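Please open the model in a viewer and keep the sequence panel visible. The tour below proposes a series of selections and describes what is found at each.

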Amino acid sequence: SAGLRKGEVLSVRDLLYGLMLPSGNDAAISLAEHFGRLSSIEEAAGLKFPARKVLEGPDGRMVRVSPEDHESRCLVTGFVEEMEAMRRELKLEDTSFHNAHGFSAAEANTRRGTNRGSCSDLARLTITANRNPTLREICSSRSHQGIIWSGSEGNWEQTPRSWAQRSFIDGVEGWCGTKSGHSTVAGYCMSTTATVHGSEY
């Protein structure tokens, strides 16, 4: 968790740090709502919402953390559909996305199925993500202090909030970051890059 609370407002960039460093499922949901809302607006206007848009980095907008309600679930569902569109575009044949954060409560199946991804698919996704300089910078960071806005118009308060990388190989020479994780079913997982003798792997 990134420790987000209902009503707080963050930048997209800070949400990405809150997603990647502490593995913030709450940040994943807020980002999914934000981009899901953009997708629904563009779809209503007859525009094609490219799945790759979520990889273009921060868009300068601020995102309010919302309560989980019907609207939130609809927006997240739309975002997950875009994740699936990108999966097909990248030809990730052994991967499926069924929610925004990839983790199912109590490791149970979601209504639509189970999140899964093969090692080769995750490697391909990591390579794609690392081509984006903003995501590369975020994923290789050890820590980040973001700004949380709370209150209402005319009465905003700023509070700093820090997140740290939770990787179990942090400190290994040459490690460039990306993403580690753990679940009861999968155990410890890592998709990462490293630079050794001037070459990246």
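**The chain as a whole**

Begin with the entire chain, and colour it by the separation of residues that touch: among contacts between residues at least 6 apart in sequence, 55% join residues at least 24 apart. Please bear in mind throughout that this is a predicted model.

Switch next to a cartoon display. The chain contains five helices and seven strands, and along the sequence these follow the pattern β-α-α-β-α-α-α-β-β-β-β-β. Turning on the surface shows about 11600 Å² exposed, of which carbon and sulfur atoms supply 53%. Of the 201 residues in the chain, 41% are buried.

**Helix 1 and its surroundings**

Select residues 12-20, which form helix 1. How many of the nine residues of this helix are buried? The count is seven, so helix 1 is largely enclosed by the rest of the structure. To see them, highlight Val 12, Asp 14, Leu 15, Leu 16, Tyr 17, Gly 18 and Met 20.

Keep Asp 14 displayed and add His 144, a residue of strand 3 (residues 143-152). A polar contact of 2.7 Å joins the side chains of His 144 and Asp 14. Is His 144 buried or exposed? With a relative accessibility of 18%, His 144 counts as buried, because the cut-off for a buried residue is under 20%.

Now display what surrounds His 144. Setting aside neighbours within four places in sequence, His 144 is in contact with Asp 14, Tyr 17, Leu 21, Arg 161, Ser 162 and Trp 163. Asp 14 and Tyr 17 in that list are also among the buried residues of helix 1.

**A network of salt bridges**

Leave Arg 161 on screen and add Arg 5 and Glu 8; these three residues are linked in a network of salt bridges. The side chains of Arg 5 and Glu 8 meet at 3.3 Å, N to O. The two partners have contrasting surroundings: Arg 5 is exposed, with a relative accessible area of 52%, whereas Glu 8 is buried at 8%. In total, the chain has five salt bridges. As a general point, side chains of opposite charge can pair when their charged atoms come close.

**Helix 3**

Move to helix 3, residues 70-89, and select Glu 84 and Arg 87. Their side chains form a salt bridge of 3.0 Å, N to O. Where do these two residues stand relative to each other in the helix? They are three residues apart, and therefore separated by about one helical turn. An α-helix has 3.6 residues a turn, so residues three or four places apart point the same way. Both Glu 84 and Arg 87 are buried.

Within helix 3, also select Glu 81. In contrast to the buried pair, Glu 81 counts as partly exposed, at 46% relative accessibility. Add Phe 97 to the selection and draw a line between the C-alpha atoms: Glu 81 and Phe 97 are 16 residues apart in sequence and 8.4 Å apart in space.

**Strands 5, 6 and 7**

Turn to strand 5 (residues 175-183) and strand 6 (residues 187-196), which pair in the antiparallel sense over eight bridges. A hairpin of three residues joins strand 5 to strand 6. At this end of the pairing, select Ser 183, whose bridge partner in strand 6 is Gly 187.

Continue from strand 6 to strand 7; these two strands pair in the antiparallel sense over two bridges. Thr 195 has Glu 200 of strand 7 as its bridge partner. The hairpin of strand 6 and strand 7 has two residues between the strands, and His 197 takes a positive phi near 50° there.

**A link between distant parts of the chain**

Keep Glu 200 selected for the final stop and add Arg 136. Their side chains meet in a salt bridge of 2.2 Å, N to O. This pair links distant parts of the chain, with Glu 200 in strand 7 (residues 199-200) and Arg 136 in helix 5 (residues 133-139), 64 residues apart. How accessible are the two partners? Glu 200 is partly exposed, with a relative accessible area of 41%, and Arg 136 is likewise partly exposed, at 29%.

Methods: Residues are numbered from 1 along each chain as its sequence is written. This is a predicted model: local features need pLDDT of at least 70, side-chain atom pairs count only at pLDDT 80 or more; totals for chains, interfaces and linings use all residues. Side-chain values use heavy atoms; hydrogens and water are left out. Helices (H or I, at least four residues) and strands (E, at least two) are DSSP runs, numbered from the N terminus. Buried means under 20% relative accessible area, exposed over 50%, partly exposed in between (1.4 Å probe, protein chains only). Contact means heavy atoms within 4.5 Å. Accessible areas come from the Shrake-Rupley method with a 1.4 Å probe; for residues, only the protein chains shown count as cover. A salt bridge is a side-chain nitrogen of Lys or Arg within 4 Å of a carboxyl oxygen of Asp or Glu. Two strands pair if DSSP finds at least two bridges between them. A polar contact is a pair of N or O atoms within 3.5 Å; within protein, one must be able to donate a hydrogen and the other to accept it, and residues adjacent in sequence count only if both atoms are side-chain atoms.
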